[in-house]
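Thank you all for coming; I would like to take a few minutes to walk through one structure with you. Please have a look at it first, and then we will go through its packing, its sheet and its interior.

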Amino acid sequence: SLLTEIDGLLTQLKSGLDTLAVSLNPILGLNLNGWHTEKNRSGAKILKSLNNLPINLKIKVSPLYDFIEKNINWLSYVVSLRDKLIHHGGIKSIIPILYDHQTKEVFPQKIIHLPNGDVEEVKAFLCRTIMEMTDFFHTVIKLSLQPLAHGLVVVPSTVGGVASYSWGISS
C-alpha cells in the first residue's frame, strides 16, 4: 500500500540522516552516533557538537551550522512523521484514497500538514520531500568538506542530473 511506501521512504530518510551525522565524525573530529532529536528539534545535537568545536574550525563550519539551523524546522517535521509511523501507530493526518461510486471519480490520497492544516496530495509530498532531502544531503556534504580541503572548490554543474555541483581544484 501507499502507507507502506511512505513508511519506507521516511525510514530511509532518517537512516540517511543518521549515516550523515556519523560521517561527520572523521571529517570534523566529532563523536556522533546518529541524527538525534533534542527538545523536538531534529539535528539539535549536531548543532551542539558543531558549536563545541575549537574556534578555528567552528568558524570554518559556520556555513554548515547555519544551513542546518535554517532547515531544522523542516527536518524536525519530516522526522516527526517517521516517528509517528514507527513509534505512534501511523500518521493520522493522511486521508485515504476515496472512490465515489456514483460519479466513478477517484480522489487521491492526501496529507494534512499539522499544525497549520495545509493539505497536499501524498504523491506531491513524497516527490517534494525526496528532492528537498537530496538537496539537503548534497549541501551538508559539500559544506562539511569544503572548509577542510585546501584548493578543493564546488563547481556548479552545467549538466543536468542529481547533483547540482561537482568538485574541482582551484588554481
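Let me begin with a question: which residues in α1 meet which residues in α5? Before I answer, please keep in mind that this is a predicted model. On the α1 side the contact is made by Leu2, Ile6, Leu9, Leu13, Gly16, Leu17, Leu20, Leu24, Ile27 and Leu28, and on the α5 side by Val122, Leu126, Thr129, Ile130, Met133, Phe136, Phe137, Val140, Ile141, Ser144 and Leu145. If we sort the residues of this contact by character, we find 18 nonpolar and 3 polar ones, with no charged residue among them.

As for the geometry, two packed helices are described by the angle between their axes and the distance between the axes. Here the axes of α1, residues 2–28, and α5, residues 122–145, come within 11 Å and cross at roughly 5°. Because angles under 35 degrees count as roughly parallel, α1 is described as roughly parallel to α5.

Let me turn to the sheet, which is open and has 3 strands in the order β3-β6-β7, with antiparallel pairing. The edges are taken by β3, residues 94–95, and β7, residues 118–121, and each of these has a single partner strand, so one side of each is left without a neighbour in the sheet. Between β3 and β6, the latter spanning residues 110–113, there are 2 bridges, and isoleucine 94 stands opposite isoleucine 111 in β6. Helix α5 appears again here, since α5 packs on the sheet and touches β3, β6 and β7, with its direction making about 85° with that of β7.

On the other side of the pairing, β6 is joined to β7 by 4 antiparallel bridges, and isoleucine 112 has valine 119 in β7 as its bridge partner. These two strands, β6 and β7, form a hairpin with 4 residues between them, and in the turn glycine 117 has a positive phi of about 85°.

Finally, the interior: how many cavities of 30 Å³ or more are there? The count comes to 1, and the largest cavity holds about 40 Å³ of space. Its lining consists of Leu10, Leu13, Lys14, Leu17, Leu75, Val78, Val79, Arg82 and Met133, and the elements that give two or more residues to that lining are α1 and α4, residues 62–87. By character, the lining divides into 7 nonpolar and 2 charged residues, with no polar ones. Leu13, Leu17 and Met133 thus appear in this lining as well as in the contact of α1 with α5.

How values were computed: Residues numbered from 1 in each chain as written. Predicted model: local features only at pLDDT ≥ 70, side-chain atom pairs only at ≥ 80, totals over all residues. Heavy atoms only, no water. Axes fitted to C-alpha atoms, helices over the stretch in contact; angles between N-to-C directions. Parallel < 35°, antiparallel > 145°, perpendicular 65-115°, else oblique. Contact = heavy atoms within 4.5 Å. Nonpolar A, V, L, I, M, F, W, Y, C, P; charged D, E, K, R; others polar. Pairing = 2+ DSSP bridges. 1 Å grid on protein atoms, 1.4 Å probe; cavity = no way out; pocket = protein on both sides within 12 Å on 5 of 7 lines; lining within 4 Å. Points joined across faces, edges and corners; volume = space filled by probe spheres on them.
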